[in-house]
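User: I have a model open and would like to understand the labels attached to it. Could you take me through the reasoning behind them?

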Amino acid sequence: LQDKPLHEVLDLKGRLRASREELFEALSTERLSPTHRFVADEILQHIEQIEQRIARMDQYLLDGLQPWQAQLNLLQTLPGIDQIGAAMLLVEIGADMDAFGSAERLASWVGICPGNNESAGKRKSGRIRRGNAWVRRLLCEFAQAAARTRCAFKDKFQALAIRKGHRKSVVALAHKILRTVYAMLSSGTHYQDRVVDYEALNVARNAPRWLKMLSKHGFIATPAAA
């Protein structure tokens, strides 16, 4: 940090609320002494070391899941689930859904099913059961991410939030995502959204690169120059 130009330091601001102008003013002031710079540099190096360790752990996890690469790719077609999230979920629940027998049993094992305590048509309790807290946390993260995408899950979340509020809606959406995961792993089919054609979006996004590589390796004839 001490040897980097100021504009490079500002590029590292990430998601800080302060604007580049505010950061520039703070870093340009005489109050930022050599001691401050030394401490900031040590903190930055510590963060970079942690990020490198996380990257090594992530790669170790992905290497161990090579035999289940097909299921790993399958889960990533679901909105809200990235590569590492899919890997962590696969490690916890496995790829063989026959071990659970039904989506309901899987949800019960995870503990994402709301309790059913009703009397005279009135619900008294909606607490979720005990289960796998790690999977519940993952599913809730997926739900919050999916609620911010252009998909049917977003519409479902918005409809639930009106009646249940934010937190209960996240749990309800997490439950729906888990049931969808069960269906996908059981049938071996990728996610198909009723609102957005993700397959078409994926093709549109990657087609230029695919065509370039096919042409490079001779699968597509390159037109001769006139």
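User: What share of the contacts in the protein with a separation of 6 or more comes from residues 24 or more positions apart?

Analyst: Happy to help! In this predicted model, such residues account for 54% of the contacts with a separation of 6 or more. A pair enters that count when heavy atoms lie within 4.5 Å.

User: Why is the pair R179 and E104 called a salt bridge?

Analyst: The rule asks for a side-chain nitrogen of Lys or Arg within 4 Å of a carboxyl oxygen of Asp or Glu. For R179 and E104 the N to O distance is 3.2 Å, so the pair meets the 4 Å cut-off and earns the name. By this rule the count comes to 1 salt bridge.

User: What makes this a link between distant parts of the chain?

Analyst: R179 sits in helix α9, residues 166-187, while E104 belongs to helix α6, residues 103-110. The two residues are 75 residues apart.

User: Why is R179 called partly exposed?

Analyst: Partly exposed covers the range between the buried limit, under 20%, and the exposed limit, over 50%. R179 has 34% relative accessibility, so it falls in between.

User: And how do you know whether E104 is buried, exposed or partly exposed?

Analyst: Its relative accessible area is 44%. That is neither under 20% nor over 50%, so E104 counts as partly exposed too.

User: How much of the protein counts as buried?

Analyst: Of its 226 residues, 27% do.

User: Which elements make up the protein?

Analyst: There are 10 helices and 2 strands, and along the sequence they follow the pattern α-α-α-α-α-α-β-β-α-α-α-α.

Key:
Residues numbered from 1 in each chain as written. Predicted model: local features only at pLDDT ≥ 70, side-chain atom pairs only at ≥ 80, totals over all residues. Heavy atoms only, no water. Helix = DSSP H or I, 4+ residues; strand = E, 2+ residues; numbered from the N terminus. Buried < 20%, exposed > 50% of the residue type's maximum accessible area, 1.4 Å probe, protein only.
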